[in-house]
Amino acid sequence: MKSRIRVILIAAASVAIVVATAVFFQRTQSSASSLKAGERLFYERNYSRALAALSTAHARNPEEERAAWYLYLTYLRLDRQKEADALLADLNPNGIRDSGILAELGNYHYEKKAYAQAARCYAGSLSLAENPAVRRRYAETLVWQKSYSRALAELDRLLRSNPSDWRLQELRADVLSWDGQYVKALGRYRELCLAGYHREAILKKMAPLLGYAAADSAGKGFGRELLSEKSGVTDPAERPSAGSPVHHAGGSEVIPSRMSSVPDADRGRGLAGKASVSGMYLHTEESAVRLLKRHPDDEGLLRRAISAHEAAGHPEQALALYERLLTKRPHDPALATAAARTFAWAGRLDRARQLYGAVIRGGKATDAARAEYAEVLYRDRAYGDAADQYRELWKKGALKSKQALDYSRALISLREYAAASGVLEELQRREPENSGVIEARADLAFALREYDRAERLYGTLIQARPQDPVPYGRLADIAMARHDYPKALGISRDMLRKFPSSENALLNIARISSWQRDYSTSLEYYDRLLGSVHASSRHYREKARVLGWMRAYGRSLRLYREAVSRYPEDSALRAESEAKKHYYRNAYRSSVRAYRSWLLAEPHHPEALFDLGQLYMQQQRWREAAQTYDALLADMPDHRQAATVRKKIDVLSSLRRLESGAEYFSAKSASRLTDVNWTGLRTALYMPIRDRVSVFVKFDRKDYRFESGRHTPFSNALTAGVEYRNRPDIMLRAAYGFKQNSGDLRDSHTGSIEAESMPLDNLHFDLAFRREEVIENYETFSSHLQKSRWQGRVLYDGFRRWNAGADYALDRYSDGNSRTNIGADVTAHLFYEPTRLSVSYRWQNYGFSDRSGVYFSPESFTTHTFGLEWQHFLNDEELYRGTNDTYYSAAYRVSLEPGSSLSHHVEAGVYRDWNSRLSTSLQYQHTWNSKEAVYEDDRLSAQAQWHF
């Protein structure tokens, strides 16, 4: 007995251990999957969804510190400080052993400008695992803390492993300049110039440094050496020209000030002048600012303060002073030209254009000022105006080498290829070894689609500048232009191995992956771009578009809003964000207005043109759609989707089509007096008579069979009609039909009038009148029972996620009876194409004024119908209006009827566009009632449509 009890206890204990282990394993696995999903959503910046996943992971496994720390980071990103503090109380910040979490904490503190805390986090992350991106950010935090020597040590460490990273080389030179090591900084900048790295921009950085180093004998010697090489710097104290970069964003915060207070204006002028002569521009800047606070109307001090701000690399601070001077001397062309140059330097191209234009219209502009004006126009992408300015100066021989290259590129943008070729041939004759000329010639060959020649020239450029990633990227562009996407991906991945932070390579992979519908890879590389130093509004815009192609409309709009908040000055971004917002909400008129505004900001943008064409197609505005796609194909003849749509528009806009079909229907119900089945054949021909007007004629043959009747009658119906379309404002259709019945059965006259309108965006109205036969059984057919139906419906579809509608109908029967119908419904779309899943609910009530013994006519009959509809596309390419579709669909609906009766309905179908002209479809439906023999019907139909 004891041994039996012992065996039972051992077995029970074993079972308990197994169950506990299974439960623990399941919870651990569930926690791990939630943690993995939460991390992915966190890095996608989808913090709301990340919060749900990480909360689940933390609740299921509170000991998992990784989940807790990512949950803490998510609270911080959502500005939920109270929850973050509560969670931090249970965590040990000094015990973090995950380099990724420490790096993210560092990023959070960096964004908040808490550089000391960020530096500690980055240092901790690097102590656990080496990561060049984290080390670079660590160096940047040290710069912001003015720990220049430590920052230089970190940059040297990075450069030892990647000496060809020119961006790091440039950053190191910048840090040397901020640390006051001007001679060393100049040496580094010189190496960058000799390597061909952004020569013009680097030279403009060097200009003020020559002044800073002027008091140093080594600096003087180095300046003379540079000048003797004709580096482009003509004066050690020369002010940078239009387009120069700011020396350092917020430079006054990084470079310490050593200037003491200045007691009065006269002494201040003397100190400022002495500092200027010595090249001590930073000191002069603070001196001039203090003096201006005491003497705000002193014109001499205004000019000296402007010079000091510019020499210190702070053009933004000079702009307001220029405006004050311009109000004092509005007709001074030299002052206006100088102000325009600084406005351009600071990126205020609109104001620069205004000032340069005023000087030129006054007839007092020099050739140099005209050339600078052309540079500003070119930078502002006003290529036509820039080319007009450059053209005259080119004929006079007044353009520098870089300006002539910009002139050629402006001509290429304007498709003036012959003129661009002439400029480049002359430049090549003058400077045969200039790599910029080779690059422009390669760009011209690419624009002319001479891809073999372009490849050769880019190969030459790679030999001349092996550390320049640009020509490698151009080779990838050529592969993409040839639609050789595998080769383009291979080139881009090779680029990443040579240049790990290459923006062009990351962008190519992101774009090509999206075109191949590999959206996870595409989003991964866009996230890498957005997390890098290359992040720009363009990357936000492209990722948001990809999310839209995925039908992730909510995420797309959130990303647009984030981008607008980060780049509020980007008018094109704002225009695109507004256009996509209305487009995703299916608001036609608002969308068209928004897309036209977008095209004003970017006249030839392919995404804007493609979407606008889709909107016109949606409303069957074929002429506008054709013009839009013609404009897109004029700029991008290789746009495959646009070419497909344009071909389909020609077919659809002809309004000539032939439809043929066959149908079988059978319905039986003893309690509802229904007994009919038929087999039918139909053909319809549609022909245009004007742009928006078409006529149609239909022939319909039906053979009937009634179990209650001995006869098998048939009917031949001929219907003719006319249709007028001016969507979305109005669509009208009218038809008249004559139906000839067999034997001694009376013939019938049928007809209809229909109107559709969308008076406001997303609000649809339908009105209709129809005269038709009632064929429920042999008695209604043989007695020639007819009804006239007056019907109206309103539908609101303000969001792609759901729509709702209501309708009312009044039927008047030829026997004097009448029926009222009232209904309302709502549909929600759970998933979008290529697999679409929708759920729906409909309430409907109808009732007859009189009871009839011939057909089912209850006084009041209410149904509640719940539906589930599924549609799956099999297209090989992206879905859009104008493509050839193939899909199959299925649906199930259940209706709750009076007396606790349930009616079930199932249907399935398949549709295919065989080409742009021929399509076919097949559909089957079956309805039955839960109570046996109450009601049952079957319908099978097939149809073919041919456009000719």
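**Helix packing, unusual backbone geometry and aromatic pairs in a predicted model**

Colleague: Is Gln 620 buried, partly exposed or exposed, and what is the relative accessible area of this residue?
Modeller: In this predicted model, Gln 620 has a relative accessible area that is neither under 20% nor over 50%, the limits for buried and exposed. Gln 620 therefore counts as partly exposed, with a value of 34%.

Colleague: Where is Gln 620 found, and what is the approximate phi of this residue, which is not a glycine?
Modeller: Gln 620 is placed in the loop that runs between helix H34 (606-618) and helix H35 (622-635). Most residues other than glycine have a negative phi. Gln 620, although not a glycine, has a positive phi of about 60°.

Colleague: Arg 551 has a positive phi as well; is Arg 551 buried or exposed, and what is its relative accessible area?
Modeller: Arg 551, with a phi of about 70°, lies in the loop between helix H30 (537-549) and helix H31 (553-566). Since buried means under 20% relative accessible area, Arg 551 counts as buried, at 15%.

Colleague: Which residue does a cis peptide bond join to Arg 727?
Modeller: Most peptide bonds are trans. The bond in question has an omega of about 5°, and its second residue is found in the loop between strand E4 (714-726) and strand E5 (730-741). The residue joined to Arg 727 is Pro 728.

Colleague: What is the omega of the cis peptide bond from Glu 833 to Pro 834?
Modeller: Pro 834 has its place in the loop between strand E10 (818-831) and strand E11 (835-848). The peptide bond that leads into Pro 834 from Glu 833 is cis, with omega near 15°.

Colleague: Are helices H9 and H10 roughly parallel or roughly antiparallel?
Modeller: Helix H9 (residues 166-178) packs against helix H10 (residues 182-194) with the axes 7 Å apart and at an angle of about 160°. Because angles over 145 degrees count as roughly antiparallel, H9 is, relative to H10, roughly antiparallel.

Colleague: How many nonpolar, polar and charged residues make up the contact of H9 with H10?
Modeller: H9 passes H10 in a left-handed crossing. On the H9 side the contact includes Trp 166, Arg 172 and Leu 176, and on the H10 side it includes Tyr 182, Arg 188 and Leu 192. By class, the residues of this contact divide into seven nonpolar, two polar and five charged.

Colleague: Is the ring pair of Tyr 704 and Phe 781 stacked, edge-to-face or tilted?
Modeller: The structure holds 37 aromatic pairs. In the pair of Tyr 704 and Phe 781, the ring centres are 4.9 Å apart and the planes stand at 40°. As planes under 30 degrees apart count as stacked and those over 60 as edge-to-face, this pair is tilted.

Colleague: How many residues apart are Tyr 704 and Phe 781?
Modeller: Tyr 704 is buried at 3% relative accessible area, and Phe 781 is buried at 5%. The pair links distant parts of the chain, with Tyr 704 in strand E3 (residues 693-705) and Phe 781 in helix H37 (residues 778-782), and their separation is 77 residues.

Colleague: What percentage of the 948 residues of the chain count as buried?
Modeller: The chain has 37 helices and 16 strands, and among contacts between residues at least 6 apart in sequence, 51% join residues at least 24 apart. The share of the 948 residues that count as buried is 48%.

Note on methods. Residues numbered from 1 in each chain as written. Predicted model: local features only at pLDDT ≥ 70, side-chain atom pairs only at ≥ 80, totals over all residues. Heavy atoms only, no water. Axes fitted to C-alpha atoms, helices over the stretch in contact; angles between N-to-C directions. Helix = DSSP H or I, 4+ residues; strand = E, 2+ residues; numbered from the N terminus. Parallel < 35°, antiparallel > 145°, perpendicular 65-115°, else oblique. Left-handed = near helix turned anticlockwise from the far one by under 90°. Contact = heavy atoms within 4.5 Å. Nonpolar A, V, L, I, M, F, W, Y, C, P; charged D, E, K, R; others polar. Buried < 20%, exposed > 50% of the residue type's maximum accessible area, 1.4 Å probe, protein only. Phe/Tyr/Trp six-rings, centres within 6.5 Å; stacked < 30°, edge-to-face > 60°.
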